[in-house]
Amino acid sequence: MEENRQKGKFIVFEGTDGSGKSTQMKLLSKYLAGRGLSCVLTREPTDSPIGAMLRSCLSGRIDTDERAIAALFAADRLDHILNPVDGIKTKLNGGITVLCDRYYLSSFAYNGEFVDSAWVEELNRPAREELRPDLVVYLDLTPEEGMKRVARRGECDRYETLERQERIKNRYFDCFRRFADENVAIIQSEVDKMQTQAHIRAAVNRLFGW
């Protein structure tokens, strides 16, 4: 039991595009640091060579099949977990709390929309068996508002259309029902980012027993 208490927590942020994950992760990181915790932020796709290839696929610089994208995500994720130098498990075992922008629920929601969902789940079964999040923070907002935020940001990737975002949001909630053993906190992504952050901190406080 003592060993488990010394490990870092693994907190994943999920949501459709424009939901504010990056902003909220940074705010939570500052909060956790203020509570005396070592904390790092990471993301998927990662900055590894596999992740760089994925971002090229998502931006359209590389034209490839959705099945190849799903497989690349699964490979990038396993390296993200298991890399002995800077993998997630290495950090957690060193007592560092890890905040991650997207994880396997993103694959179920995004990749599973365009290729066989059972196949996507099987691709990600090793990752799910290897490391499950202590908490998933899902930032919820309407696809319409999300696309407005994406438009203000600039470039869109292959998934960022209103129709696709609506289907992806529906798939997220289907996943929450089907994978009910995941610890998911559904947080409304408010206009006031600090109001959103307050709800996130309440969920995180429960996780840490504060």
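What follows is a chat between a student and a tutor about the structure above.

Student: What kind of model is this, and how are its residues numbered?

Tutor: This is a predicted model, in which local features need pLDDT of at least 70 and side-chain atom pairs count only at pLDDT 80 or more, while totals for chains, interfaces and linings use all residues. Residues are numbered from 1 along each chain as its sequence is written, and side-chain values use heavy atoms, with hydrogens and water left out.

Student: How many helices and strands are there?

Tutor: The protein chain holds eleven helices and five strands; these are DSSP runs numbered from the N terminus, with helices being H or I of at least four residues and strands being E of at least two. Its radius of gyration is 17 Å, close to the 17 Å that the globule rule gives for 210 residues, so the chain is as compact as a globular protein of that length. That radius is taken over C-alpha atoms, and the rule is 2.2 Å times the number of residues to the power 0.38.

Student: What share of the residues is buried?

Tutor: Of the 210 residues, 47% count as buried, where buried means under 20% relative accessible area, exposed means over 50% and partly exposed lies in between, using a 1.4 Å probe and protein chains only.

Student: In what order do the strands sit in the sheet?

Tutor: The five strands form an open sheet in the order S2-S3-S1-S4-S5, with parallel pairing, and two strands pair if DSSP finds at least two bridges between them. Strand S2 (39-43) and strand S5 (184-188) are the edge strands, each pairing on one side only.

Student: And which strands does S1 pair with?

Tutor: Strand S1 (residues 10-14) is joined by four bridges to strand S4 (residues 135-140), and the two run parallel; S1 also pairs with S3 in the parallel sense over four bridges. Valine 12 stands opposite valine 136 in S4 and opposite cysteine 100 in S3, while glutamate 14 stands opposite tyrosine 138 in S4.

Student: Is S1 covered on one face or both?

Tutor: Both faces are covered, with Phe10, Val12 and Glu14 buried on one side and Ile11 and Phe13 buried on the other.

Student: You mentioned cysteine 100; how many disulfides are there?

Tutor: A search of the whole structure finds zero disulfides, a disulfide being a pair of cysteine sulfur atoms within 2.5 Å. For cysteine 39, the nearest cysteine sulfur is that of cysteine 100, which is 12 Å away. Cysteine 100 itself counts as buried because its relative accessibility is 0%.

Student: Switching to helices, what is the span of H2?

Tutor: The 14 residues of helix H2 (residues 21-34) should span 20 Å at 1.5 Å a residue, and its end C-alpha atoms are 20 Å apart, which agrees; the expected span is 1.5 Å times one less than the number of residues. Just after H2, glycine 36 takes a positive phi of about 90 degrees.

Student: What covers the buried residues of H2?

Tutor: The buried residues of H2 include Met25, Leu27, Leu28 and Leu32, and what covers the buried residues includes S1, S2, strand S3 (97-101), S4 and helix H11 (193-208). Contact here means heavy atoms within 4.5 Å.

Student: How many residues does H4 have?

Tutor: Helix H4 (residues 66-82) has 17 residues and reaches 25 Å from its first C-alpha to its last, close to the 24 Å expected. Among its buried residues are Ile69, Leu72, Phe73 and Ile81.
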